[in-house]
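Colleague: Pick one helix-helix contact and walk me through it up close, please. After that, carry on to the salt bridges, and tell me what sort of surroundings their side chains have.

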Amino acid sequence: MLTFLRDNAKSGFLKFILLGFLVLAGGGLVLMDVGNFFSGGGRSNADALVVGKDKVSMQNFSTMLGRALSRQGIDAETAYKLGMVDQMMNAEISNSLTRQAANDMGIVISDELMGRQISRLLEPSIANGMSKEDAFRRVLQMQGMTEQGFVQVLKQEMTNAILRNALTAATAYAPDQEIKDLYRFQHETRTIEGVFFPNDKITDYSEPSDELLMPFYQVATEKYAIPETRTFTVAVLSHDKIKDSIEITDEELRVIYDNEIDNFSVPEQRKLEQSVVDTQTAAIEIVEKMNAGSSSLKQAVTDVTGSADAYLGEESFQRDGLFEEIAETAFDVAKQGDVIGPFETPLGWHVLKLVEVSEPSVKPFADVKKILHQEVMQERLGNQMYEFANNIDTQIAEGTSLEDVAKALDLKVGTYGPLKEDGSTADAKEGLAGFDQDRAFLLETAFELLPSEIAPVMELSDGRFALVRVDSVKEKSYKPFEDVKDDLAKLWIQDQQHVLNKMKVQTALEQAIAGEKELNTLAKENGLSIKSFKGIKRLDKAPEGLSDTAKTKFFDLAENEFTVTSDAKGYFIGRAVNIKIPDAVNATTEDLENVKQIATRGTVDEFMLLFLENERAKRGVKINKAAIEQAFGANSEQQNF
């Protein structure tokens with residue numbers, strides 16, 4: 001998950017961690033378990049990916065993708081179309097290959113190193129004002145991770161970073177002479193001067209006749225097509241009327257509660273007060289003060305550290321939400337009121353107090369009745385909606401009109417059109433507002449039906465059902481020749497101007513190359529002026545009046561060598577003059593460093609690509625394309641992230 005966040009930020013591991021903790025303004029960290037993401041919770045399903053020994057289930061992949069997309073406001077199907085699903089999958093593959101290679105090489109991050117790294121990274125953020133508890137609580141809640149899960153992922157990222165840095169260190173090198181040559185190449189300047197010959201200055205063409213234009217009209221008929229338009233009716237069956245007719249009694253809910261009692265069981269829990277400090281000495285002092293009768297853990301922390309920042313308050317935990325060594329003592333040894341610790345974890349030194357022991361229990365019926373009512377309502381509402389939909393299809397098949405069905409069932413009816421196939425009106429305005437994700441499907445349906453035909457009842461993305469009937473169709477037609485011949489004449493003239501101008505420019509170019517005429521002579525003879533673009537650098541954006549393609553062409557010429565470039569408006573005959581190649585001796589350290597980064601980046605990226613391809617061939621990678629397509633493709637059901 002942190003891998004995906006890092007890749008989305010287009011940043012390296014250390015940059016992500018540093019920026020992440022700056023935002024979190026961390027300090028001491030809080031023990032908690034949100035979502036049971038790393039504890040293996042949830043039902044098993046097919047694997048989305050198998051990378052060597054690693055397997056990523058569809059459930060976990062969907063969860064990771066959903067969390068990432070929810071922050072960007074993108075649904076799964078759109079992400080699939082944009083290639084974002086493939087990008088995340090490739091990122092997971094690369095990360096897994098690197099992690100397995102690191103494990104084979106014996107690269108391990110010790111708890112001690114992990115603790116020092118977290119402490120070092122937290123130091124700059126303490127001054128931001130957020131409490132340590134709130135900072136870490138926020139990151140865990142955002143990612144749906146336990147502390148152990150967070151540390152595990154962080155270790156994996158650090159391991160990968162060590163291997164990647166080791167692999168790329170040797171390739172991130174460019175000789176000094178190469179850097180100087182690249183600097184001179186990038187900072188070379190040229191002045192480009194020339195004459196622009198516009199097409200619209202050509203006047204020696206003949207006006208086209210109708211006989212000449214007719215073949216052009218026949219070839220380009222589609223350009224003058226008037227698209228087919230349709231007017232159609234949409235009748236929508238909403239939940240409201242059906243929902244009001246559904247009655248659910250407490251007796252029914254009680255039977256469901258009794259039959260599913262296991263779902264309402266609450267596992268054994270411990271309410272713990274906790275604190276996390278940086279040193280063992282401070283932790284021992286806190287324990288001693290508590291054992292000596294200190295009024296509270298918070299007061300003991302304040303007395304030892306000088307502030308209450310390391311005190312993290314009370315929280316209830318299940319066994320799998322705690323570090324193993326803490327869980328064993330809290331659940332198997334300690335009694336209510338006991339002080340626990342100190343324990344060392346990668347997060348620091350923990351001192352805790354067992355505040356309350358909660359035995360396994362069952363949530364009372366009164367506490368869950370509202371939730372049960374909602375679940376039963378949704379289930380029955382769905383069944384009733386499908387029954388109504390089937391009934392509507394039956395009535396339509398038997399010849400009942402759409403209007404009669406709509407009146408009997410109080411359907412919401414709207415007429416739309418005439419619309420083009422893209423849903424726009426004749427004046428290019430939106431013609432099917434209010435259907436959001438169903439817009440494309442409704443249009444596709446309307447343009448597949450015959451006139452007066454009614455499509456079978458369809459389910460909309462929000463659970464409503466809809467009927468579509470085509471009321472009228474205006475077939476595709478074409479503008480007559482008389483209406484478009486003036487436009488055809490303009491296009492013909494522009495084409496002739498272009499051809500004649502090209503011939504004229506070719507002659508002028510030959511004269512310039514042969515030295516028969518100077519640029520100022522060519523300009524004067526044609527009533528034009530010389531254009532000059534001074535001091536252009538190779539990597540600069542082309543100045544106004546000169547395209548990037550033309551600029552590049554002039555940088556490939558020898559000094560005073562002529563060439564011609566073109567665009568839709570005309571031709572430019574020019575040459576490069578006043579070529580200046582700077583001496584790298586005068587370059588600043590910053591300039592040379594920028595050049596060095598460009599020179600080494602390509603080599604590093606290529607080396608990492610070769611390494612990953614080699615690991616992929618050695619370990620094997622399998623992608624469940626069918627499951628991915630089914631889950632996220634165009635025909636998938638919408639994922640609820």
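Modeller: Let's start where helices α12 and α16 touch: Asp250, Glu252, Leu253, Arg254, Ile256 and Tyr257 on the α12 side meet Phe365, Val368, Lys369, Leu372, His373, Val376 and Arg380 on the α16 side, contact being heavy atoms within 4.5 Å. Bear in mind that this is a predicted model, where local features need pLDDT of at least 70 and side-chain atom pairs count only at pLDDT 80 or more, while totals for chains, interfaces and linings use all residues. Residues are numbered from 1 along each chain as its sequence is written, and side-chain values use heavy atoms, with hydrogens and water left out.

Helix α12 spans residues 250-259 and α16 residues 365-397; their axes come within 10 Å and cross at roughly 100°. That crossing makes α12 roughly perpendicular to α16, a label for angles of 65 to 115 degrees. Sorted by class, this contact holds seven nonpolar, one polar and five charged residues. Helices here are DSSP runs of H or I with at least four residues, strands are runs of E with at least two, and both are numbered from the N terminus.

On to the salt bridges, meaning a side-chain nitrogen of Lys or Arg within 4 Å of a carboxyl oxygen of Asp or Glu. By that rule the count is 22. One of them pairs Arg230 with Glu228, with 2.5 Å between the closest N and O atoms. Arg230 is buried at 9% relative accessible area, whereas Glu228, at 22%, is partly exposed. Buried means under 20%, exposed over 50%, and partly exposed in between, with a 1.4 Å probe and protein chains only.

Another pair joins two strands: Glu356 bridges to Lys271, the closest N and O atoms sitting 3.8 Å apart. Since Glu356 belongs to β10 (residues 348-358) and Lys271 to β7 (residues 269-277), this bridge ties together parts 85 residues apart in sequence. Both ends are partly exposed, Glu356 with 33% relative accessible area and Lys271 with 26%.

Then there's Arg469 with Asp471, whose closest N and O atoms are 2.8 Å apart. Here Arg469 is buried, at 15% relative accessible area, and Asp471 is partly exposed, at 30%. Elsewhere, bridges with shared partners link Asp104, Glu615, Lys618 and Arg619 into one network.

Key
Axes fitted to C-alpha atoms, helices over the stretch in contact; angles between N-to-C directions. Parallel < 35°, antiparallel > 145°, perpendicular 65-115°, else oblique. Nonpolar A, V, L, I, M, F, W, Y, C, P; charged D, E, K, R; others polar.
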